[in-house]
Structure formats: structure tokens, C-alpha cells
Amino acid sequence: MTTESPPRPVTIRCPSCNRLNRVDLRRLGDGPKCGGCQLPLRLDAPVPASEADFDRIVNSAGVPVVVDFYADWCGPCKIMAPVLDKFARDRKGDVLVLKVDTDRNAGVSQRFGIRGIPTIIAFDRGKERGRLVGAVDRQALDGLLAG
């Protein structure tokens with residue numbers, strides 16, 4: 001008798017055709033593809049999210065979600081980018097990493113009281129679990145999910 005691990009669903013927007021797709025992170029080895037354009041969906045890097053899909057993605061995730069609120073012009077945000085890339089790659093299948101551009105998504109940024117960037121917020125089952133402000137190291141990111 002084998003016991004199958006529980007599903008770990010996430011919803012992400014295809015970067016090519018903008019279609020929302022539901023992906024079970026247990027099946028990443030199968031190479032998930034967009035249901036619309038059939039291009040591969042990458043979950044080993046931060047996934048862009050917008051105001052339009054933020055709540056749906058965060059609230060429906062069956063895994064913790066780490067959101068990077070950033071801006072393209074921000075120096076500390078550029079410093080954080082490779083740290084978040086490695087974090088997303090290392091935690092692929094266990095955590096969904098999102099990026100929200102604060103300039104293009106002011107409403108969601110205001111809703112969460114983003115006053116400095118980068119701000120990293122961890123969510124679990126749609127509820128904020130913790131946050132970090134400013135450029136932080138990998139250990140701090142892991143700490144967001146540890147407790």
C-alpha cells in the first residue's frame with residue numbers, strides 16, 4: 001500500500017499568453033505546460049503576479065507563497081534578485097515565489113502597506129506569516145518559512 005502525498009496546487013499566469021494555469025507542484029517532474037499556448041511553465045524562478053491575479057494566486061496556493069514587492073529602478077531590489085532566484089530554484093515544489101512590481105501594481109502594494117522596497121512577505125493559506133524589508137540574505141528568507 002502506497003501513500004501519495006497530498007496535492008500542492010498553485011495557480012500561475014503564463015508569461016507568454018497570460019492564461020491562468022493550475023499546477024500541482026508534486027508533478028513538476030512532468031514538465032507542466034500552459035493549457036493555452038502549450039509552452040512550459042517555469043516554477044524554478046520567481047513568477048510575476050499582478051493586482052488582477054494576486055489574491056487568486058496567494059489564496060489558492062497549497063504551499064507557502066513568498067512575494068517579492070520590488071521596482072525595476074530599485075538598487076536593493078537588484079541585489080535581491082539573484083538571492084530570490086536561487087531561493088526559488090532550491091525550494092521548487094515546496095514554495096511558490098512571486099514578484100510584484102510596485103510601480104505597476106500600486107493597489108496591492110498599498111493594501112499590504114509597502115513603504116520600502118524590496119519587501120518580502122511570506123503567506124500561508126492566504127494569511128501573512130512574516131515580512132522582511134530591504135535586501136536580506138538567504139538565511140533570512142529561509143527563516144521566514146521556518147517559524
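**Exercise 1. Find how far the sulfur of Cys17 lies from the closest cysteine sulfur, and decide whether the two are bonded.**

Step 1. The closest cysteine sulfur to that of Cys17 belongs to Cys34, at 3.4 Å.

Step 2. A disulfide is a covalent bond between the sulfur atoms of two cysteines. Here a disulfide is counted when a pair of cysteine sulfur atoms lies within 2.5 Å.

Step 3. The distance between Cys17 and Cys34 is therefore too far for a bond. A search of the whole structure gives zero disulfides.

Step 4. For accessibility, buried means under 20% relative accessible area, exposed means over 50%, and partly exposed lies in between (1.4 Å probe, protein chains only). Cys17, at 34%, is partly exposed, whereas Cys34, at 1%, is buried.

Note on the model: it is predicted, with local features needing pLDDT of at least 70 and side-chain atom pairs counting only at pLDDT 80 or more, while totals for chains, interfaces and linings use all residues. Residues are numbered from 1 along each chain as its sequence is written, and side-chain values use heavy atoms, with hydrogens and water left out.

**Exercise 2. Determine how many residues of strand 5 are buried, and describe its neighbours.**

Step 1. Helices (H or I, at least four residues) and strands (E, at least two) are DSSP runs, numbered from the N terminus. Strand 5 covers residues 96–101.

Step 2. Six of its six residues are buried, so strand 5 is largely enclosed by the rest of the structure. One side holds Leu96, Leu98 and Val100, and the other holds Val97, Lys99 and Asp101.

Step 3. Two strands pair if DSSP finds at least two bridges between them. Strand 3 (residues 47–48) runs parallel to strand 5 and is joined to it by two bridges; Pro48 has Lys99 as its bridge partner.

Step 4. Strand 4 also pairs with strand 5 in the parallel sense, over six bridges. In this pairing, Val67 is partnered with Leu98.

**Exercise 3. Work out which residues of helix 4 are buried and where they lie on the helix.**

Step 1. Helix 4 spans residues 138–146, and its buried residues are Leu141, Leu144 and Leu145.

Step 2. Seen down the helix axis, these fall within an arc of 90 degrees (taken from the directions from the axis to the C-beta atoms), so they line one face of helix 4.

Step 3. The face turned away from the buried side carries exposed Gln139 and Ala146.

Step 4. With contact meaning heavy atoms within 4.5 Å, the buried residues of helix 4 pack against strand 4 (65–70), helix 2 (75–90), strand 6 (119–124) and strand 7 (127–133).
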